Amino acid sequence: MREYQAMAYAKINLGLDVVRRLENGYHQVKMVMQSIGLGDQLTLEMAGCGITITTDAPGLPTDRSNLIHKAASLMFETYGIHSGIRVHLRKEIPMAAGMAGGSTDAAAVMKGINELFRLGLPLSRLMEDGVAIGADVPYCILGGTALAEGIGERLTALPPMPDCHILVAKPRAEVSTKYVYEHLDAQGLTAHPDIDGMVQAIRQGDLQGITGRMENVLETVTVPAHPVIADLKGRMLESGAENSLMSGSGPTVFGIFSEEEKARAAYARLREENLADRLFLTEPCRNAD
Ligand code: ATP
């Protein structure tokens, strides 16, 4: 094999709680992660030497700062690979949007190198290695529905969430994850999402039990700074979503619909109102292959 094609799926957070701020500046979190059928396409090719990245995404650096580069060098150094690789990225996932776009690319590259160079490493090993690139990388390697604890790297795989339709809307606002966590008053949070209840609802295949518990404490920082998030959530609820929430540190908003027709009507309405620059109608994804 000289070439490997991989899909890198985006994630949403069905629930996101921050338990406390750690002394090293990281935050202890408790989140329910869900892969969705929106993803970047990566083509990996063996090459003479070095790591070369090309992409169709305007403005995305292709140097060492790209998480694809970090993932490839980590694999090459850890497993003593001396040849090179070319990676082409077709970017579909909105950037700096709260959907782990960079982390999922890194995860796909780690899995791709494992296949391309026939390393035969189990996913659990890649997940252990991946945390050195970012806290969300182990989850992106696992994919599907999962509970993430610790800094996001301690994972419990959950049964797939019940079938539903997911409307994803990315407003024009740019949000930095670092800014949101730095401005979060973790100690001052008065309400915490019922993540345990949501996990139980997932185990029971109870869609309304899940959607009734959708909460994200990072909304306390991002929503006041970008009121369009509240507007999008309101529109989705008016259009018949079971519930609607900001994903990760935002600004992406998603709505969960049990009826496809309502999801389509909501898509059409949001498209007309032009509150979002990117809109996707998709479904949960079982695992990020
Ligand atoms: P998260 O949900 O993990 O907070 P995000 O969706 O908010 O992530 P990303 O799209 O992962 O944010 O990217 C954030 C920054 O990381 C971008 O501004 C970009 O410069 C940098 N970056 C590095 N590599 C990549 C990549 N392969 N894809 C996207 N962004 C990347």
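Here are some exercises on this predicted model, each with a worked solution.

Residues are numbered from 1 along each chain as its sequence is written. Local features need pLDDT of at least 70, side-chain atom pairs count only at pLDDT 80 or more, and totals for chains, interfaces and linings use all residues, while side-chain values use heavy atoms and leave out hydrogens and water.

**Exercise 1. Helix α1**

Task: Compare the span of α1 with its expected value, then find what surrounds the helix and what lies at its two ends.

Solution:
- Step 1. Helices are DSSP runs of H or I with at least four residues, strands are runs of E with at least two, and both are numbered from the N terminus. Helix α1 covers residues 67-78, which is 12 residues.
- Step 2. The expected span of a helix is 1.5 Å times one less than its number of residues. For α1 that gives 16 Å, and the end C-alpha atoms are 16 Å apart, so the two values agree.
- Step 3. Now look for buried residues, where buried means under 20% relative accessible area, exposed over 50%, and partly exposed in between (1.4 Å probe, protein chains only). In α1 the buried ones are I68, H69, A71, A72, S73, M75 and F76.
- Step 4. Contact means heavy atoms within 4.5 Å. The buried residues of α1 pack against the strands β2 (27-47), β3 (51-55) and β4 (84-90), and against the helices α2 (101-116) and α3 (123-130).
- Step 5. Check the start of α1 for a polar contact, a pair of N or O atoms within 3.5 Å; within protein, one must be able to donate a hydrogen and the other to accept it, and residues adjacent in sequence count only if both atoms are side-chain atoms. A side-chain oxygen of N66 comes to within 2.9 Å of the backbone nitrogen of I68.
- Step 6. After α1 comes G80, with a positive phi near 55 degrees.

**Exercise 2. Two helix pairs**

Task: Describe how α2 packs against α1 and against α3.

Solution:
- Step 1. Two packed helices are described by the angle between their axes and the distance between the axes. Axes are lines fitted to C-alpha atoms, for helices over the stretch in contact, and angles run from 0 to 180 degrees between N-to-C directions.
- Step 2. The axes of α1 and α2 come within 8 Å and cross at roughly 35 degrees. Their crossing is right-handed; a crossing is right-handed if the near helix is turned clockwise from the far one by less than a right angle, and left-handed if anticlockwise.
- Step 3. Residues making this contact include L67, I68 and A71 of α1 and G102, S103 and D105 of α2.
- Step 4. For α2 and α3, the axes come within 10 Å and cross at roughly 135 degrees. That angle makes α2 oblique to α3; angles under 35 degrees count as roughly parallel, over 145 as roughly antiparallel, 65 to 115 as roughly perpendicular and the rest as oblique.
- Step 5. α2 passes α3 in a right-handed crossing. M110, K111 and N114 of α2 make the contact with L123, L126, D129 and G130 of α3.

**Exercise 3. N114 and the loop after α2**

Task: Is N114 buried or exposed, and what is found in the loop between α2 and α3?

Solution:
- Step 1. N114 lies in α2 and is buried, with a relative accessible area of 7%.
- Step 2. Leaving aside neighbours within four places in sequence, N114 is in contact with M75, L119, G120, L121 and L126.
- Step 3. G120 sits in the loop between α2 and α3 and is exposed, at 67% relative accessible area.
- Step 4. R118 is found in that loop too, and is exposed at 62%. Although R118 is not a glycine, its phi is positive, about 45 degrees.
- Step 5. For context, most residues other than glycine have a negative phi, and most peptide bonds are trans.

**Exercise 4. S239**

Task: Locate S239 and list its partners.

Solution:
- Step 1. S239 is in the loop between α9 (228-238) and β8 (243-246).
- Step 2. With 16% relative accessibility, S239 counts as buried.
- Step 3. Its side chain reaches the backbone oxygen of R235 at 2.8 Å.
- Step 4. Beyond neighbours within four places in sequence, S239 contacts F257, K262, A266 and R269.
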